[in-house]
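These are my notebook entries on a single protein chain. I set out to record how its helices pack, how its sheets are ordered and where its backbone departs from the usual.

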Amino acid sequence: MGKDIITLAFETSCDETSVAVMKGGRDVLSNIISSQVQVHQVFGGVVPEIASRHHLEQINSVAGEALAAAGVRLGQIGLIGVTQGPGLVGALLIGLATAKAFAFALGVPIVGVNHIHAHICANYIEHKGLEPPFIALTVSGGHTNLIRVRGYNDYEVLGATRDDAAGEAFDKVARVLGLEYPGGPAIDRVAEAGDPHAVSFKRPLLEKDSLDFSFSGLKTAVLNYVNTERQAGRTVNVPDVAAGFRQSVVDVLTAKTMQAADAHGGATVVMAGGVAANRLLRKSLGEACAKRGIALYYPQPLLCTDNAAMAGAAAYYRYTEKGEDGLGLDACPNMQMG
Ligand code: KG4
Ligand code: ZN
């Protein structure tokens, strides 16, 4: 198995149908992402059944586009990678069924990847010299974790959210503020014009030694504030509330990440997942890391949110260290790290 192995990778865990062609673990030959955001926007969130149907409608043409864009023939594919979980079960199954069909037809190995692992691997694509060990903050719509990455496939979860994921809180607060789905980018944009001190919310830091997160209380505090103001007939200043909420989430993520780096001697911090695209989080973590002499890495926004290139990178590192999974591979909607 050469380091230049060509991987065809599939990602369908949520509302992005994506297929990529990777060379080795770090070079993207193509990364086609067909977003369903507009389909789900009218519902204010992802409708699982509709997501599955759209994946089914899109996946063959997205795969064809990925192969054509990479300029790769089917005979050159040496490995199939596919997101196994966590995610929406119906959505995952479309990617898995398609990936297995390719693996069977081409007679090549197939590897299932953990979606959170894949988010972390997006950084290997962006930063060619980056290698473990490091501390990873993975922040998405479905997960918020602090992970000690000891090797390409060696993880220790240091902390996780006890309720809402950071992105989920962004999406729910955006909805009550009348902003479009997905809420993270919308809040990030609107907050730029707001004053983060005008309406201030508590920073949920939990117990001193804990590296866990909790965003549900903060989300409820924002919802209560907005409802109280509206019931009293006062106009809610959306940019100020968005800025106050964003500041609170970012302060908590920054403080806990620095706490993890201090406790585990992390000289390198890596950020991954959709919320890693947040402007204030990049700035805040950048400043905190610079103060401590810690190197900080994060991917470009396109590689922060869901895409198949990161699944291809994760598949490469899993396959080279652990071998193939075989066609019995099944969806694992609640898949854990480690
Ligand atoms: O990683 P991702 O594409 O999907 C999951 O694995 O969940 O992350 C999507 C999440 C959504 O909750 C979205 O609102 C959030 O990432 N997000 C952001 C930003 N861009 C995307 N949150 C805050 N600021 C952003 N700029
Ligand atoms: Zn994701």
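**Entry 1: α6 against α8.** I looked up the packing of helix α6 (residues 183–191) on α8 and found an angle of about 110 degrees, with the axes 8 Å apart. With that angle, α6 is roughly perpendicular to α8. I noted the crossing of α6 and α8 as left-handed. On the α6 side the contact is made by Ile187, Asp188, Val190 and Ala191, and on the α8 side by Val238, Pro239, Ala242, Ala243, Phe245 and Arg246. Sorted by class, the residues of this contact are 8 nonpolar, no polar and 2 charged. I add here that the model is predicted.

**Entry 2: α5 against α8.** I next took helix α5 (residues 166–176), whose axis comes within 11 Å of that of α8 and crosses it at roughly 175 degrees. The two helices, α5 and α8, are therefore roughly antiparallel to each other; the cut-off for that term is an angle over 145 degrees. I listed Ala166, Ala169, Phe170 and Val173 from α5, which meet Phe245, Arg246 and Val249 in α8. The contact of α5 with α8 holds 6 nonpolar, no polar and 1 charged residues.

**Entry 3: α7 against α8.** For α7 and α8 I recorded a packing angle of about 165 degrees and axes 11 Å apart. These helices, α7 and α8, are therefore roughly antiparallel as well. The crossing of α7 and α8 is right-handed. From α7, Leu218, Val222, Tyr225 and Val226 take part, and from α8, Val241, Phe245, Ser248 and Val249. I counted the contact of α7 with α8 as 7 nonpolar, 1 polar and no charged residues. Phe245 of α8 had already been entered in the contact with α6 and in that with α5.

**Entry 4: the sheet under α8.** I then asked which strands α8 lies across. Helix α8 (residues 238–263) lies across β6 (134–139), β7, β8 and β9 (268–272), and runs at about 155 degrees to β6. I traced the sheet itself as an open one of 5 strands, ordered β8-β7-β6-β9-β10, with mixed pairing. The edges are β8 (154–160) and β10 (295–297); each has a single partner strand, so one side of each is left without a neighbour in the sheet. Neighbouring strands of this sheet are turned by 25 degrees against each other on average, direction ignored. Strand β7 (residues 144–151) runs antiparallel to β8 and is joined to β8 by 6 bridges. Within β8, tyrosine 155 stands opposite valine 149.

**Entry 5: the other sheet.** I followed a further open sheet of 5 strands, in the order β3-β2-β1-β4-β5 and also of mixed pairing. Here β3 (27–35) and β5 (110–114) stand at the edges with a single partner strand each, so one side of each has no neighbour in the sheet. The average turn between neighbouring strands is 20 degrees, direction ignored. I found β1 (residues 6–11) and β4 (residues 79–85) parallel and joined by 4 bridges. Phenylalanine 10 has valine 82 in β4 as its bridge partner. Helix α3 (residues 89–106) packs on this sheet, touches β1, β4 and β5, and makes about 160 degrees with the direction of β4. Helix α4 (residues 115–126) also packs on the sheet; α4 touches β1, β2 (16–23), β3, β4 and β5, and its direction makes about 95 degrees with that of β5.

**Entry 6: domains.** I consulted the domain assignment, which gives domain 1 as 6–122 + 303–322 and domain 2 as 132–300. Their C-alpha centres lie 27 Å apart. How many residues of each are in contact with the other domain? I recorded 21 residues of domain 1 in contact with 23 of domain 2.

**Entry 7: backbone.** I checked the peptide bond from proline 132 to proline 133 and found it cis, with omega near 10 degrees; proline 133 lies in the loop between α4 and β6. A cis peptide bond also joins tyrosine 181 and proline 182, with omega about -5 degrees. Proline 182 belongs to the loop between α5 and α6. Lastly I entered leucine 206, a residue other than glycine with a positive phi, near 55 degrees. I placed leucine 206 in the loop between α6 and α7 (216–231).

Technical notes
Residues numbered from 1 in each chain as written. Chains lettered and ligands numbered in written order. Predicted model: local features only at pLDDT ≥ 70, side-chain atom pairs only at ≥ 80, totals over all residues. Heavy atoms only, no water. Pairing = 2+ DSSP bridges. Axes fitted to C-alpha atoms, helices over the stretch in contact; angles between N-to-C directions. Contact = heavy atoms within 4.5 Å. Parallel < 35°, antiparallel > 145°, perpendicular 65-115°, else oblique. Left-handed = near helix turned anticlockwise from the far one by under 90°. Nonpolar A, V, L, I, M, F, W, Y, C, P; charged D, E, K, R; others polar. Domains from an automatic or database assignment.
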